[in-house]
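User: I'd like a close look at a single part of this protein, with enough of the rest to place it. Here's what I have.

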Amino acid sequence: MRLQREEEERQRALEEEERLRIEEIERKDREEAERIRLEKERKKQKEKEKKERQKREGTYMTKKQKQQAALAQQRLEAMRAAGMEVPSGKKKQSQEDVDVEEEERKAEEEARKAKEEEEAKKKAEEEARLAEEEARKVEEEKKKEDDDADDDWDNSDSGDEWDADSDASGPPLDALEQRLKQATTSMDSDSDDDEDLIEKEKRLELERLAQLGKERAERERIQAEKIAEMKAREKEMEMQEMLLQQKKEDGKKRRLEQEKANLAARTRDDLRCPIVVIMGHVDTGKTKLLDKIRKTNVQEGEAGGITQQIGATYFEKKTLLAQTARLNETEKFDLTLPGMLVIDTPGHESFTNLRSRGSSLCDVAILVVDLMHGLEQQTIESLQMLRNRGTPFVVALNKVDRCYDWKTCKDSPIRDALKEQSDGTVQEFRSRASDAKLQLSEQGVNSNIYWEMGEDDWTNSDFVPLVPTSAITGEGVQDILMLLCQIAQRKLWKQLMWCANLQCTVLEVKAIDGLGMTVDVLVVNGFLKEGDKAVFCTLDGPIVAEIRGLLTPPPSREMRVKSEYIHHKEIKGALGVKVIGNGLEKVMAGTPVMVVGPDDEVEDIKAEVMSDLTKLQEKLSTDKRGVMVQASTLGALEALLQFLREDTQPPIPVSAIGIGTIHKRDVTKISIMNEKGCPEYATILAFDVPVTKETREHAEEVNVRIFTADIIYHLFDQFTRFMEQLSEKRREDAAAIAVFPSIIKILPQHVFNTKDPIIVGVEVVEGILKVGTPLCVPALEGLNVGIVTSIEQNGREQETARKGASVAIKIVNENNPTITYGRQFDASHSLYSTLSRASIDALKLNFKDKLETEDWRLVVKLKKVYNII
């Protein structure tokens, strides 16, 4: 998944880079198009200015005019090539001058016609006809000029006359020729310039478009290749994901089938050790009883078959037989259990933490009850926890030696000890035992002293045996051990059949000199072997570590130095063991441990190990507003979350969870609640975890509160107290804005002062009248009467008066002290609380629990009176 995310991020980066590159190319294209447009506009402006100049100079000709001028020039050239010379005198105009003038007139007429033709394109055919006629006239005039020239030559006396006439007729022709040449030259040069510019522009535009087309095609090709590559990669990743998922599913299927086969292979002949925890209220003697169980019949300096394992005390079968031998003489019980494992840490925390993949690892429990005090709060909660989990338990009625005039019979069976007691002592014991039975019955538990239970009681799973014990002198301890073995063999043999499926949970993570970070685990079922690939659970996700060593302490009650640890190649459950491996620093206590077998898929095992934590995280507050909860183990965290969510009213929302020591990063993470406008949730509830000095200092800097406790209820009490203080402070701040709804009627027979201040007797018709409530008369266009400064009833001042109460009130109006009862208003007018949108919002936010349903109905009614939306 991480590789897939990295690949997706890389693809997104490439797509973003390609998008930016395409945007840059398009921007350059737009800039180039804008430049060409400006260049065209500049050229057009230049052409326009040139035309204006030519018009001013009188040399401007349209395209048609230029064509006509060029045609006229061609005619002159043709006339000159034919040798036409038209002489004329100074006084008498020659025929040639007449013809030239006629030509000029015709040229002007043709120019005018050309202009008209340009304006009306429909005369194109007429123009063609005129052009043909002109060509024919030129030929006729040429012939006529030739004839005239012959006549003039014949009539003239000498060549000098002809020369003179020729000279005389020269200037008009030269002027016409000069003008025609200028026009033709201008037209040719303009035409050439226009043609060059247009061609060049077309060529450049074509080249640019071609280049753009190539670039676009190249971009599209590269983009298509990248898209194809991305799709191929995505498809490959999808295929890999599908294959991975399929492998995971196949692995899960194989694992479940193997587990099912292992369960089917269990036999009653191969039982494992039952796991026992001791629970109860503080000071009931849990620890002393545990110590007494561990030290029973152990002589000085001798282990006696009791092995102190990691987190548990292991009793071998022969030790159990030896310890219960005296009792077994009468019981005749056949012990088939291989031993017993008693968890070292007493209390319901151990019971809570002994979980693996959603199920409890605890088989049977000892519930310690103080015979002198009966059931106490924590005992009741432990009892409830045991019943919720369906865990069988034995009740130890501890401190039996506190009965009056108890004669100590050290480490003897309880029945033997009772035989030695006086009648008064036995009577007291019976009385106190009956009280305990009654209290248990009130909790829905049927119980009886174990030797008085009949066969029906044993087969009835609801019946709980009571065992009188003394943790100080040891009476009844044998009975407890025997009873636990009987319960295990009679009722629990199905779940105690040893199974090859690994059931293993983390008890503690700690550093050991010379070994580094180690993990203490309790192996209930299955095997752990050196070299196994074990999967552990952390807040950062599952980790896979190779087991480099499996250690147990030597068969003594003390773990002294590291050299005394015994190394094992293989461990069979049930047993407590220390695991050595790399990268185990973040492993969480209370989480399951699984091993990747030869047929298992690593991803499936990882998902299974993380399932408990994943389920917890899925239950967190969806709106991301809530406190942070930190606990010592996963089981404790689960119990605390359940308590906050289900057992508290109202439930406390949780936005983040953590396991282990609180660090500065945790404080920083929850401090964001201050920015979200929820300062009350900028809080860490720490259950049984240490908090460093630096963390506390940092919490004070960022205004985060850390509540710590070793008992869940104390945490809840601290947080509830804090919330109440915060709510009270908010109410005090909002008191000046919030106005409680009320309608009051003045009692005219109880008017004590009519003006500054007004003191009258009133009856509260509806709502709640409070000190500080502004009053008005809506019937008199909202006349402001003043603010209630005090309320008295039967001579005593009070803060509020509810519906139906008759009280005397003092009204002060600082803005209008002249307002007078009987003048501006009287008893016929009801007085209303002056509400506004702000006051209603303040009521909803801070005083919602102070108003009843009918009070909120009155708020709705007054909203209509004051036209509040």
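In which loop is the place of proline 757? Please take that spot apart for me, then tell me what else in the model is worth a look.

Analyst: Keep in mind that this is a predicted model. Proline 757 sits in the loop that links β25 (742-754) to β26 (758-770). The peptide bond leading into that proline, from aspartate 756 to proline 757, is cis, with omega near -5 degrees. Aspartate 756 belongs to the loop between β25 and β26 too, and its backbone has a quirk of its own: phi is near 40 degrees, a positive value in a residue other than glycine. As for cover, aspartate 756 counts as partly exposed because its relative accessibility is 49%, and the cut-off for exposed is over 50%.

Further along the chain there's another positive phi. Asparagine 794 isn't a glycine either, yet its phi is about 55 degrees. You'll find asparagine 794 in the loop between β28 (783-793) and β29 (796-798). With a relative accessibility of 77%, asparagine 794 is over the 50% cut-off, so it counts as exposed.

Now for charge on the surface. Lys624, Arg625, Lys669 and Lys676 form a positive patch. One of them, lysine 624, lies in the loop between α17 (611-618) and β21 (627-631), and it is partly exposed, with a relative accessible area of 48%. The helix before that loop, α17, has Ser611, Asp612, Leu613 and Leu616 as its buried residues. Those buried residues pack against α16 (602-609), α18 (634-647) and β22 (654-659).

There's a negative patch as well, made of Glu8, Glu9, Glu15, Glu234 and Glu238. Two elements, α1 (2-57) and α5 (159-264), each give two or more residues to this negative patch. Helix α1 gives the most, with three residues, while glutamate 238 is in helix α5.

Finally, the wider frame. The protein has 24 helices and 32 strands, and 42% of its 869 residues are buried. Counting contacts between residues at least 6 apart in sequence, 72% join residues at least 24 apart. The protein exposes about 47800 Å², and carbon and sulfur atoms supply 48% of that area. Back at your spot, then, the thing to look at is a cis bond from aspartate 756 to proline 757, with a positive phi at aspartate 756.

How values were computed. Residues numbered from 1 in each chain as written. Predicted model: local features only at pLDDT ≥ 70, side-chain atom pairs only at ≥ 80, totals over all residues. Heavy atoms only, no water. Patch = residues over 30% accessible without salt bridge, like charges linked within 9 Å, V, L, I, M, F, W, Y side chains within 5 Å. Areas by Shrake-Rupley, 256 points an atom, 1.4 Å probe, with all protein chains shown as cover. Salt bridge = Lys/Arg side-chain N within 4 Å of Asp/Glu carboxyl O. Lys, Arg positive; Asp, Glu negative; His and termini not counted. Charge placed at Lys NZ, Arg CZ, Asp CG, Glu CD. Helix = DSSP H or I, 4+ residues; strand = E, 2+ residues; numbered from the N terminus. Buried < 20%, exposed > 50% of the residue type's maximum accessible area, 1.4 Å probe, protein only. Contact = heavy atoms within 4.5 Å.
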